[in-house]
Amino acid sequence: MHPISVKRLNRTFLAKTFALNASSEISTTMTKNINCFIPFQSEEQVKQTVENLRAQALVNEVYFLQGDMRSTANMRFIAQHADTTYSLIYTKYTTLSFVLFALERMEALIEDSKAAMVYADHFNQVGDVRTNAPVIDYQLGALRDDFDFGSVLFYRSSAIKEAVARMDVDYSYAGLYDLRLKVSQKGTLEHINEYLYYDVELDDRKSGEKIFDYVDPKNRGVQIEMEKAVTQHLKDINGFLEPKFKDVDMSPEGFEYEASVIIPCKNRVRTIGDAIASALAQKVDPKYKYNVIVVDDNSEDGSVDVIKSFVSNPKVIFIQQDKTWHAIGGNWNVALHHPKCGKFAIQLDSDDTYFDENTVQKFIDAFHEQNCAMVVGTYRMTNFNGETIPPGIIDHKEWTPDNGRNNALRINGLGAPRGFYTPMLRTINFPTTKYGEDYAVGLRVSREYQIGRIYDVVYNCRRWDDNSDANCDLIAMNNNNFYKDRIRTWELKARIQMNEAKK
């Protein structure tokens, strides 16, 4: 299937849209310097959007993109037909409409900012219900292929042409992503924090369901292409790291315990008991000692009473935090620096459980066999009752020894559970935050050290209404995503500096 122009529509529809444009009350004396490109499934699907676009005084022509609109073939078609100063790419199959003079505003600000592309806040329209849909600022580390620009991308046509001219890989799915990355190498992507258009939102899933889309097995082909595109981008901006890693000395002295299970807790009265019991049920080779360090951060729901019911077990170390700010990262830090912390610190969230009694031993073995500073396991998504739920087993097989640390700058997580080599981690520490702290540490570790993997299921990730990311509102999601983008930005800058120093 090939992209098609508005001229391919039937004569009746054409006559109606052109008539609408001619009778518009908005002045049409302005230069028609915007060509628009929208995805096409059927005439009915695009009809209202075309009418709305043709009613805009600045719109010159509308083109339709068939097949997967993200393909490199469609990007080449856009570049070929981007014969106006600006090009508007719409990425949804639902109806698009504009706030009055929205395109004029985009045109003004792309010129004032000298940006290569601008994008804006907008409204989501579902029936008669309209909600605000703000987006976030783009930055160097905003490398997620699912970065939310909204559905309207307003490009300088010369930027599209220049970027497409450098495309040497034909992607079925990553062409639009490749375009954005290549454009960002030469110019800026500017966020207009004004509400300029309306589109229809059809994905009504909770945020806690959407965040696992990228690890869904059915999306594997897409992910392979996205990794290839971001890897080339990192090479282009000197942020790519070759698979050369520091060795890890596994023979430090002064550790009474080989491993510690670290369980941070805050207000998890319904689940903390299950987590601790799971940790205590582990079967470990007698030559190794392990313990369980539970850190409570001022719980007010009875969690402390549950924790105290386990302290008679000599394996359990209970730490009660003071009233200062700790968050998950700070709770991890106090456990890491406890004199009883083991040589390996292994994660167990307070609302999850280990898959079986062999998890700790598998981590110990993986550290010794793979000579890694960090090990990431495989987990199973379950409901509160421990029953498997979609997408099921999350193995993060997109992580490869050769390219995992580069691809890690594109994805929003590294998997679970995570285990760390304590002497190394004590030199880095966790950021004192309640979100993204594990991702920040994983990126930092991967800058210098290989991250090992366990592809056996070793963890039950329990999804329930009280999960911190079960159903974040849009503002909270934006804050979380912006922080992770900042983490990537800091890490990417460090990697670029490291590569520059080698020259």
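1. Tyrosine 354 has tyrosine 459 as its bridge partner in strand β18. Tyrosine 354 belongs to strand β14, residues 353-354, which pairs with β18 in the antiparallel sense over two bridges. The model is predicted, and the points below should be read with that in mind.

2. Strand β18 covers residues 451-462 and also meets β15; the two run parallel and are joined by eight bridges. Two of the facing positions can be named. Valine 375 has glycine 452 as its bridge partner in β18, and threonine 382 stands opposite arginine 462.

3. How much of β18 is buried? The count is 10 of its 12 residues, so the strand is largely enclosed by the rest of the structure. For β15, residues 374-382, nine of the nine residues are buried, so this strand too is largely enclosed by the rest of the structure. Buried here means under 20% relative accessible area.

4. Besides β18, strand β15 pairs with β17, residues 418-421, in the antiparallel sense over three bridges. Valine 375 takes part here as well, with glycine 419 as its bridge partner in β17. Valine 375 therefore has a glycine partner in each of two strands: glycine 419 in β17 and glycine 452 in β18.

5. Strand β15 is also joined to β16, residues 388-394, by three bridges, and these two strands run antiparallel. Within this pairing, the partner of tyrosine 379 is isoleucine 394. β15 and β16 form a hairpin with five residues between the strands, and in that hairpin glycine 386 takes a positive phi near 85°.

6. Which residues have the most contacts inside the largest nonpolar core? They are Ile89, Leu179, Val261 and Ile263, in a core of 110 residues. Apart from it lies another core, of 28 residues, which includes Leu88, Leu103, Ala115 and Phe154. In soluble globular proteins, nonpolar side chains tend to be buried together.

7. Valine 261 can be followed further. Leaving aside neighbours within four places in sequence, valine 261 is in contact with Ala279, Tyr290, Asn291, Val292, Ile293, Ile346, Leu348, Tyr354 and Val360. One of these contacts, Tyr354, is the β14 residue whose bridge partner in β18 is tyrosine 459.

How values were computed: Residues numbered from 1 in each chain as written. Predicted model: local features only at pLDDT ≥ 70, side-chain atom pairs only at ≥ 80, totals over all residues. Heavy atoms only, no water. Buried < 20%, exposed > 50% of the residue type's maximum accessible area, 1.4 Å probe, protein only. Helix = DSSP H or I, 4+ residues; strand = E, 2+ residues; numbered from the N terminus. Pairing = 2+ DSSP bridges. Core = buried A, V, L, I, M, F, W, Y, C linked by side-chain atoms within 4.5 Å. Contact = heavy atoms within 4.5 Å.
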